[in-house]
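This report describes the arrangement of strands and helices in a protein model and the surroundings of its ligand. Please keep the sequence and the structure in view while reading.

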Amino acid sequence: MTSLLPLDKVRAAAQIISKANKVVILTHIAPDGDAMGSSLGLMHWLESLSPSMQCTVVVPTLYPDFLAWMPDAGRVVNYDTDIPNVLRLLREADTIICTDFNEPKRIAGLGERLTETLELNHTPCILIDHHLHPADFADVVFSYPESPSSCELVWRLIRALAALQDFPMFNCPLSLSAATCLYTGMMTDTGNFSFNSNRADMYEIVSELVRIGVDKDAIYNRVFNAYSADRMRLVGYCLHHKMIIIPDYHAALIYLKRKELYKFNFHSGDAEGIVNMPLQIKDVYYSCFMREDKVLPAELPLAGGSHIKVKISMRSQGDRPVNEFCHSVFRGGGHKNASGGEFYGPIEKAVALFNQNYANFFLQS
Ligand code: 5GP
Ligand code: MN
């Protein structure tokens, strides 16, 4: 499928990148390993092309602590806390690259800024993503929902560009920093190669990345063995006190109010992975995790006046999609077995919506 990206699109991307000097790379709200990996990986590669290349990764909201070790994560600009700087960067950019999101809404308030910039300045824009239904905003679109991660797509694009004989500038080795970033997203978006991970060619890429020097064991430890004691206690609380099982529909639901999160000194990233846990139970195939959160400045355009947001995460197994549920019930979306959405209002209303709708979407068999 993605082993050969279409040559016409690769050439269109090459035309844009070969003229680029000031690049802004955007990725989605609440960035995960694939968002950070694809954007930072691309940044490291672009910066290795020419000493004059200025490249900035901009996130709509801050990344979690467990990704702060990623090479040059400290240079990432957060729109939520530095709007004037981001507006300047967008204004001055000669190229914009979007990774790991399919529509401007997924970058919250930054989405309007992106759309304005593209309309006013006609800045060339490339989209590299693996979510369904990309919105029509970029000039060159690499959209492959069947790809397990955006990092893998970035790797394929870099390789395809390097193979263009009339663009020798792209034929440069991938640095260890770039390789480390790309490996991180390939690992996190497949749950350390435990889902969406049956294709052999993916391991050929992993093999190349390890050959470059990627320390995959260290990356695993930094990402998955870096929790606080508070977070482990939060997990215990969720599983002991908060997990609701719906046996007829093979489903589990965990939801947390803000005051419960405070008790565990909650930090961004602490909820990571909790949604997967109920799937370890025999005969549970759907899992939903919801938590209340405050509405960040970058999200105000989406919040409709509400000061409380509910973040919904869903996971499922096999041929039981959750993206349609998230899309219809929570205006979200995602992948077949890993999706999410948001609800602006108190969590009881989000739970009521879940309860009213799951029977229409979940299989009983
Ligand atoms: P997570 O549960 O890890 O936050 O998200 C899992 C996947 O669901 C993400 O990779 C993303 O594709 C999708 N997703 C999560 N939240 C949203 C949302 O609010 N809107 C949309 N469209 N997709 C989401
Ligand atoms: Mn992704």
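The following paragraphs treat two sheets, the ligand site and one loop residue in turn. The model is predicted.

**The parallel sheet**

One open sheet consists of six strands in the order β3-β2-β1-β4-β5-β6, and its pairing is parallel. The strands at its edges are β3 (77-78) and β6 (140-143); each has a single partner strand, so one side of each is left without a neighbour in the sheet. Within this sheet, β1 (residues 22-27) and β4 (residues 95-99) are paired in the parallel sense over five bridges. Leu26 stands opposite Cys98, a residue of β4.

Helices pack on this sheet as well. Helix α1 (residues 7-18) touches β4, β5 (125-129) and β6, and its direction makes about 130° with that of β6. Helix α4 (residues 110-121) also packs on the sheet, where it touches β1, β2 (54-59), β4 and β5. The direction of α4 makes about 145° with that of β4.

**The mixed sheet**

A further open sheet of six strands follows the order β7-β8-β9-β10-β12-β11, with mixed pairing. Its edge strands are β7 (243-246) and β11, each of which pairs on one side only. The pairing of β11 with β12 is antiparallel and extends over two bridges. Gly333 stands opposite Gly340, which belongs to β12.

Helix α9 (residues 229-242) lies across β7, β8 (251-256) and β9 (286-294), and it runs at about 120° to β8. Helix α13 (residues 347-361) packs on the sheet and touches β7, β8, β9, β10 and β12. The direction of α13 makes about 160° with that of β9.

**The ligand site**

Which residues come nearest to ligand 1? Of the 14 residues around the ligand, these are His131, Lys311, Ser313, Arg315 and Ser339. The table lists polar protein atoms together with their distances from an oxygen atom of ligand 1.

| Residue | Polar atom | Distance to an oxygen atom of ligand 1 |
|---|---|---|
| Ser313 | side chain | 2.6 Å |
| Arg315 | side chain | 2.9 Å |
| Gly340 | backbone | 3.2 Å |

Taken alone, ligand 1 exposes 490 Å², of which the protein buries 87%. Three elements give two or more residues to the shell around the ligand: β10 (308-316), β11 (333-334) and β12 (338-344). The largest share, five residues, comes from β12. By residue type, the shell around ligand 1 divides into one nonpolar, nine polar and four charged residues.

The ligand site can thus be placed within the fold. The strands β10, β12 and β11, which contribute to the shell, stand next to one another in the order of the mixed sheet. Gly340, whose backbone has a polar atom 3.2 Å from an oxygen atom of ligand 1, is also the residue opposite Gly333.

**A residue in the loop between β11 and β12**

Where is His335 found? His335 is located in the loop between β11 and β12. Residues up to four places away in sequence aside, His335 touches His130, His131, Val322 and Asn323. One of these, His131, is also among the residues that come nearest to ligand 1. His335 and Thr117 are 218 residues apart in sequence, and their C-alpha atoms are 29 Å apart in space.

Technical notes: Residues are numbered from 1 along each chain as its sequence is written. Chains are lettered from A and ligands numbered from 1 in the order in which they are written. This is a predicted model: local features need pLDDT of at least 70, side-chain atom pairs count only at pLDDT 80 or more; totals for chains, interfaces and linings use all residues. Side-chain values use heavy atoms; hydrogens and water are left out. A residue is near a molecule or strand if one of its heavy atoms lies within 4 Å of it. A polar contact is a pair of N or O atoms within 3.5 Å; within protein, one must be able to donate a hydrogen and the other to accept it, and residues adjacent in sequence count only if both atoms are side-chain atoms. Accessible areas come from the Shrake-Rupley method with a 1.4 Å probe; for residues, only the protein chains shown count as cover. Helices (H or I, at least four residues) and strands (E, at least two) are DSSP runs, numbered from the N terminus. Ala, Val, Leu, Ile, Met, Phe, Trp, Tyr, Cys and Pro count as nonpolar, Asp, Glu, Lys and Arg as charged, and the others, Gly among them, as polar. Two strands pair if DSSP finds at least two bridges between them. Contact means heavy atoms within 4.5 Å. Axes are lines fitted to C-alpha atoms, for helices over the stretch in contact, and angles run from 0 to 180 degrees between N-to-C directions.
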